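Here are my notes on the model you asked me to look over. I've kept them as numbered points so you can check each one against the coordinates.

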Amino acid sequence: MFFLFLLLHFLSNGYSFTIDFPYGVNFMAKVSKINLLKLHEEEKEELRFLFKTTPVLVFENQDLTPKQHFQVSTYFDKNHLDDIMHPFKETMVPDAPQVAIRGRGTINNYGLENALIRNSKAFKYNELWHQDLVGIKNVLPNVVSSMYMIKTPEKGGSTKFASLENAYENLSLLHKHIYESTIAIYYSKNIFPEFDFTGYGRIDKFWEKESEEEYIKNRVITPLVIYPDESSTKKSIMLTPNRLFKFKDISPFDSHERMRHLMKNYVLVNDNVGNLDYKEKDLVIFNNRKVIHTSTPTEQYEEDRIMSLLFLGTKTPMKFLHNSL
């Protein structure tokens, strides 16, 4: 019924675009019949409204340069910054440095010459469920992440999303009480995790590899349950398994047991995982504070997979449930 309301709302106001929900989940929508480079201000407001209700939006058939990719992404966060948030210096686009070319293959375009896209081992053979820029020291996690597909492989190369707002609502009353008072401690140093087939089960005991001094210097402490911004009335879980060190007052080993229980029983459950099989010229805009995502392992396909990637810097604060830090 809510989906029908949204569709009627857009049609009744005379906007040219249409929306559909083909991904089997309630938090992902496909937006069609729209040119993001030719929007009226009223249409931008409507898209911001849609993004507030639906945190993953897929725009079909958009002709975008990396600079235009950055520009249209800024529509969705009025508090955006022009800072470079990604770490991918080798494939950073010269005239749009906030954007990097990612995927698999070699790029000879957008001011880049014979630039090889390098991926860590963690992305080669398994899925890796994560949130962008969560657990990074002195960085406010971005609201908007976006990917624009330039070249797609015949097989593989999809992205899965799971709602962390739904995950919170899936919690039992007991687990809501437990997790609302849980403090996550992340390890911000650039280490390369080893995961099993689940995409969240870390199999390397990385907490045994660093000294206490290194751990203290590189840790990031944050509540596990937050409001994504100050205007939000729905709570969301903030969880990126690839950087989790431990939960406060719990051993690293037991923390990862609890994290796996949370992921299996509340996050990656039926009706809460949507799969996006890209077509070329697809643009996906998603609220990084409301969803967790993973890509197909890069060794699943042999052809090039080329996309432009943006983590949009922000000054939009999160809202914490209590002063527990």
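1. In which sense do β7 and β17 pair, and over how many bridges? The two strands pair in the antiparallel sense, over 6 bridges. If you want a spot to check, M147 has L309 of β17 as its bridge partner. Bear in mind throughout that this is a predicted model.

2. β17 has another partner as well. β5 and β17 run antiparallel and are joined by 6 bridges. Here R104 is the residue to look up: its bridge partner in β17 is R305.

3. Now for how β17 sits in the fold. The strand is largely enclosed by the rest of the structure, because 7 of its 7 residues are buried. Side chains in a regular strand alternate between the two faces of the sheet. In β17, R305, M307, L309 and F311 point one way, while I306, S308 and L310 point the other way. Both sets are buried, R305 and S308 included.

4. Helix α3 is worth a look next. It covers residues 66–73, and P66, H69, F70, V72 and S73 in it are buried. What do those buried residues pack against? The list is made up of strands: β4 (92–93), β5 (96–107), β7 (144–151), β15 (283–287) and β17 (305–311). So β17, joined to β5 by 6 bridges and to β7 by 6 bridges, also has the buried residues of α3 packed against it.

5. On the nonpolar interior: the largest core has 34 residues, and the members that touch the most others are I34, L36, L47, F59, F76 and L283. β5 supplies the largest share of this core, with 4 residues. L47 makes a handy starting point for browsing, since leaving aside residues up to four places away in sequence, it touches F17, I34, L36, L39, L57, F59 and F76. There is also a second, separate core of 28 residues, with W129, A162, V220 and V225 among them.

6. Salt bridges: a search of the whole structure turns up 17. One of them is between the side chains of K30 and E60, at 3.8 Å from N to O. K30 is in strand β2 (residues 28–32) and E60 is in the loop between β3 (56–59) and α3, so this pair ties together parts that are 30 residues apart in sequence.

7. The β3–α3 loop has another such contact. D63 forms a salt bridge with K281, with the closest N and O atoms 2.8 Å apart. D63 lies in that loop and K281 in the loop between β14 (273–276) and β15, so the parts tied together here are 218 residues apart in sequence. K281 counts as partly exposed, at 31% relative accessibility.

8. Is the K290–E165 pair buried or exposed? K290 counts as buried at 7% relative accessibility, and E165 counts as buried at 8%. Their side chains meet in a salt bridge at 4.0 Å, N to O. The pair links distant parts of the chain: K290 is in the loop between β15 and β16 (291–295), E165 is in helix α4 (residues 164–170), and they are 125 residues apart. Elsewhere, E41, K44, E45, R48 and K78 are joined into one network by salt bridges that share partners.

9. Two backbone spots to inspect. Most residues other than glycine have a negative phi. K33 has a positive phi, near 60°; it is placed in the loop between β2 and α2 (41–53) and counts as exposed at 66% relative accessibility. Y110 also has a positive phi near 60°. Y110 is in the loop between β5 and β6 (115–117) and counts as partly exposed at 22%.

10. Last, the largest pocket, which holds about 1,000 Å³ of space. Its lining has 41 residues, and P87, F88, R102, F123 and F311 lie nearest its centre. Which strand gives the most to that lining? β17 does, with 4 residues. β5, β16 and β17 each supply at least two. F311, one of the residues nearest the pocket centre, is also one of the buried residues of β17.

Technical notes: Residues numbered from 1 in each chain as written. Predicted model: local features only at pLDDT ≥ 70, side-chain atom pairs only at ≥ 80, totals over all residues. Heavy atoms only, no water. Buried < 20%, exposed > 50% of the residue type's maximum accessible area, 1.4 Å probe, protein only. Contact = heavy atoms within 4.5 Å. Pairing = 2+ DSSP bridges. Core = buried A, V, L, I, M, F, W, Y, C linked by side-chain atoms within 4.5 Å. 1 Å grid on protein atoms, 1.4 Å probe; cavity = no way out; pocket = protein on both sides within 12 Å on 5 of 7 lines; lining within 4 Å. Points joined across faces, edges and corners; volume = space filled by probe spheres on them.
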